[in-house]
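Biologist: I'd like to go through this one with you and hear what stands behind the labels. Can you put it up?

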Amino acid sequence: MIYYRDDEHAIEIANDTEYGLAAYVFSSNPGRARRLASQIEAGRVSINGGYDPITPFGGFKHSGIGREYGAYGIEEFLEARTIMI
């Protein structure tokens, strides 16, 4: 746990890293938790321990690019093609 002054300071602390694989937000206020989660630079942000193993998984920054699972994961194996007439 890291203490913070206010929500903006908490976001600053969370994003002050060269990595961004996963993050966690815990709050009794669902709106506040969603607002904070949307500002965190991580590939997966869990609110109050929520977890779904089939949602896309992957990192931001130095934690890598690309995604696994879900529609984003399958796109890694597809090649886009445009045919125009």
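**Pockets and core**

Modeller: Sure; this is a predicted model. The lining of the largest pocket takes at least two residues from each of α1 (7-15), β1 (19-20), β2 and α2.

Biologist: What makes a residue part of that lining, and which ones lie nearest the centre?

Modeller: A lining residue needs an atom within 4 Å of a pocket point. The largest pocket has 24 such residues, with I2, Y4, A10, Y24 and V25 nearest its centre. Its volume is about 730 Å³.

Biologist: How does that lining divide by class?

Modeller: Into 18 nonpolar, four polar and two charged residues.

Biologist: And what lines the second largest pocket?

Modeller: That one holds about 170 Å³, and its lining is G43, R44, V45, S46, I47, G50, Y51, D52, T55 and P56. By class, four are nonpolar, four polar and two charged. Gly counts as polar, so G43 and G50 go with the polar ones.

Biologist: Why is I11, A23, V25, A33, L36, A37, I40 and A42 called a nonpolar core?

Modeller: Because a core needs buried residues of the nonpolar kinds, joined through side-chain atoms within 4.5 Å. Those eight form the largest such set here. β2 (22-25) and α2 (30-39) are the elements giving two or more residues to this core, and α2 gives the most, with three.

Biologist: What does A42 touch, leaving out residues up to four places away in sequence?

Modeller: G20, L21, A22, A23 and F60. They count as contacts because heavy atoms lie within 4.5 Å.

Notes:
Residues are numbered from 1 along each chain as its sequence is written. This is a predicted model: local features need pLDDT of at least 70, side-chain atom pairs count only at pLDDT 80 or more; totals for chains, interfaces and linings use all residues. Side-chain values use heavy atoms; hydrogens and water are left out. Buried means under 20% relative accessible area, exposed over 50%, partly exposed in between (1.4 Å probe, protein chains only). Helices (H or I, at least four residues) and strands (E, at least two) are DSSP runs, numbered from the N terminus. On a 1 Å grid over the protein atoms alone, a cavity is a set of points where a 1.4 Å probe fits but cannot get out, and a pocket is an open set with protein on both sides within 12 Å along at least five of seven lines; lining residues have an atom within 4 Å of a point. Grid points are joined across faces, edges and corners, and a volume is the space filled by probe spheres set on the points.
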